[in-house]
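Student: Please take a close look at the salt bridges in this model. I would like to know which side chains pair up and how exposed they are.

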Amino acid sequence: MPDMIRRYVRAVDAVNAAIGRFAMLLIFALMGILLWSSISKAFFVPANWTLEMAQFTMVAYYILGGPWSLQAGEHVRMDLLYGALSDRAKAWMDSFTVLFLIAYLALLFYGGLSSTAYALKYGERSYSSWAPYMAPIKIVACIGIFLMLLQAFALLFKDVAKLRGEEL
């Protein structure tokens, strides 16, 4: 494989590993938000921001952790036939199916950018009583989808290299 592709794969893997490790810590923020929600409901006036903030934190948790999960091969697979395949056949199967993932992520990213632009242009807010602006979480979602798209291309390059008898 060309040196540029090797550098691309290393850079994408490093960025997604760092962001994925940060995303792991968001579970503690989520726990804190939900703990405060329980305490405020039991002893004080219930905070109206906790449910949506927990949802936003959970979105950031899985959307930013997804590329790292994809890199580590931790996504769920239908193992009915896949497990019985040879390594070379798995590389063929992965290089074929990742094309569908890339197409899906490209469309999702396009829609996400459109939705984010709308949220920024019109100051879109949630319809809850807290009514937070939607643009920040949509920006986080677009970043996560973009990182997942970059990781999908890195996986494609790794599979092609494996088919060529190389290792990236």
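Tutor: What follows goes through the salt bridges one pair at a time and then turns to a lysine with a polar contact. This is a predicted model, in which local features need pLDDT of at least 70 and side-chain atom pairs count only at pLDDT 80 or more, while totals for chains, interfaces and linings use all residues. Residues are numbered from 1 along each chain as its sequence is written, and side-chain values use heavy atoms, with hydrogens and water left out.

A salt bridge here is a side-chain nitrogen of Lys or Arg within 4 Å of a carboxyl oxygen of Asp or Glu. By this rule there are five salt bridges.

One of them joins Asp-3 to Arg-7, with 3.3 Å between the closest N and O atoms. Both residues lie in helix H1 (residues 3–43), four residues apart, which is about one turn of the helix. Helices (H or I, at least four residues) and strands (E, at least two) are DSSP runs, numbered from the N terminus. Asp-3 counts as partly exposed because its relative accessibility is 46%; buried means under 20% relative accessible area, exposed over 50%, and partly exposed in between (1.4 Å probe, protein chains only). Arg-7 is also partly exposed, at 47%.

Another salt bridge brings together the side chains of Arg-6 and Glu-166, at 3.3 Å from N to O. This pair links distant parts of the chain, 160 residues apart: Arg-6 is in helix H1 and Glu-166 in the segment after H5. Arg-6 is partly exposed, with a relative accessible area of 25%, and Glu-166 is partly exposed at 22%. Arg-6 and Glu-166 also belong, with Arg-164, to a network of salt bridges.

Lys-158 and Asp-13 form a salt bridge with an N to O distance of 2.9 Å. Here too the pair links distant parts of the chain, since Lys-158 is in helix H5 and Asp-13 in helix H1, 145 residues apart. Both Lys-158 and Asp-13 are buried.

Helix H5 (residues 135–163) also holds Lys-138. With a relative accessible area of 17%, Lys-138 is buried. Its side chain makes a polar contact with the side chain of Glu-124, at 2.7 Å. A polar contact is a pair of N or O atoms within 3.5 Å; within protein, one must be able to donate a hydrogen and the other to accept it, and residues adjacent in sequence count only if both atoms are side-chain atoms. Leaving out residues up to four places away in sequence, Lys-138 touches Ser-115, Thr-116, Ala-119 and Glu-124, where contact means heavy atoms within 4.5 Å.
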